[in-house]
Amino acid sequence: MGKYKIAVLPGDGIGPEVIEQAVKVIEAVGEIYNHSFELKEGLLGGCAIDATGEPFPKETLELCKSSDAVLLGAVGGPKWDNLPGDKRPEAGLLGIRGALGLYANLRPAVIYQALKGASPLRSDIVKDGIDIMVVRELTGGMYFGERGRVQTENMGQAAFDTEKYSEFEVERIARLAFETAMKRNKKLTSVDKANVLESSRLWREVVNRVASDYPEVELNHMYVDNAAMQLVRNPAQFDVIVTSNMFGDILSDEASMITGSIGMLPSASLGEGSLGLYEPIHGSAPDIAGQDKANPIATILSVAMMMKYSFGLEDAFRAIENAVVNVLGMGYRTADIASPDTPRENIVGTKEMGRLIISKLK
Ligand code: NAD
């Protein structure tokens, strides 16, 4: 029997609704596999601003640091949109990733057989399904580099942001990507812009150096503009993609879009130890908050990733994934993944989708 502490940060909008179902899944897994999960809730984002004035309060940091994993819903909403950048709910997201040293973001983009029709790509392009893992560097590059504004003599203001990567930063994300590839189909694509950017040339040198430790992995390099094109032209060619913070931000959104539903996709952010942060890739969806309409599957699949990457519980990971596939196979859909020919009685709300998935776990 394993004992695990999980910090649960529901956040804002649909966050608490999808987290409620994910927590029920964790409790069910605990019962079935005889593990003890100790869950403690904390504040992050807009709800934290309302309660404490800060998007990422100290108490939340302490709670996360004393846990084995963190489960996050989503943050943000129109109520907090006019606050200055560092006081906005989204600042809590950057804060928590930085404070926990989470330097890698893993985002699977999978097209489930039952949902092939939801992909905006032509059916002949997605006929064999898609299963891509995007590994994005998360704490370096342009989002963290030096930035500022200067007054020019005769061209008004100028603004700059700096893309900077050290060998250390590239090597650790490259290693994690090669390790991930080893657990999958042993195929890795490193995406950069080495024809223009010096930071990308260093990136490529380091990735090539790390590759010599993983002779079984087939490595190729691709420029980011080509990668953006190939993702819609022939996505099945990709297995694991590793890239920088900014390129990864853009490409992982593109990869998720080709799967057809933002409500289906989980993510994991990992650091040096086993502590990881698990969250759906979608936001707080204020347009449907509080209406029992949100798809809880992305958050439930984030729990599956937590079982695998933080706790090493491969059985629980598979059981959750299979339960989701089963329920989709039975024809049940939340509104976001329903098609015009989905029977009305098969369109279910957040709570019912959670209940169905749990019923297939047992
Ligand atoms: P969003 O992901 O919240 O919503 C985009 C669209 O997808 C909406 O129509 C929404 O209804 C739908 N959607 C999203 N998740 C869904 C789900 N689980 N089930 C069904 N439909 C779903 O993105 P947005 O509208 O650009 O942003 C809304 C707020 O969320 C903003 O404040 C933004 O800053 C924040 N945000 C937070 C995160 C995060 O917490 N990680 C990520 C992105 C955006």
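Tutor: A pocket is an open set of grid points where a 1.4 Å probe fits, with protein on both sides within 12 Å along at least five of seven lines. This model is predicted.

Student: How much space lies in the largest pocket?

Tutor: About 790 Å³. Its lining has 38 residues, and those closest to its centre are Met133, Arg184, Lys308, Tyr309 and Phe317.

Student: Why is the largest pocket said to lie between domain 1 and domain 2?

Tutor: Domain 1 (1-108 + 262-362) and domain 2 (131-258) both give residues to the lining, so the largest pocket lies between them.

Student: What makes a residue count as lining the second largest pocket, and which are closest to its centre?

Tutor: A lining residue has an atom within 4 Å of a point of the pocket. For the second largest pocket 22 residues pass, and Leu93, Arg97, Arg107, Glu279 and Ile281 are the closest to the centre. Helix H4 (89-99) is one of the elements that supply at least two lining residues, and H4 gives the most, with four.

Student: How do you know that valine 75 makes a polar contact with the ligand?

Tutor: The cut-off for a pair of N or O atoms is 3.5 Å. A polar backbone atom of valine 75 is 2.9 Å from an oxygen atom of the ligand, so the pair meets the cut-off. By the same cut-off, a polar side-chain atom of aspartate 287 qualifies, at 2.9 Å from an oxygen atom of the ligand.

Student: What share of the ligand's accessible area does the protein cover?

Tutor: The protein covers 69% of the 800 Å² that the ligand has on its own.

Definitions and conventions. Residues are numbered from 1 along each chain as its sequence is written. This is a predicted model: local features need pLDDT of at least 70, side-chain atom pairs count only at pLDDT 80 or more; totals for chains, interfaces and linings use all residues. Side-chain values use heavy atoms; hydrogens and water are left out. A polar contact is a pair of N or O atoms within 3.5 Å; within protein, one must be able to donate a hydrogen and the other to accept it, and residues adjacent in sequence count only if both atoms are side-chain atoms. Accessible areas come from the Shrake-Rupley method with a 1.4 Å probe; for residues, only the protein chains shown count as cover. On a 1 Å grid over the protein atoms alone, a cavity is a set of points where a 1.4 Å probe fits but cannot get out, and a pocket is an open set with protein on both sides within 12 Å along at least five of seven lines; lining residues have an atom within 4 Å of a point. Grid points are joined across faces, edges and corners, and a volume is the space filled by probe spheres set on the points. Domain bounds come from an automatic or database domain assignment.
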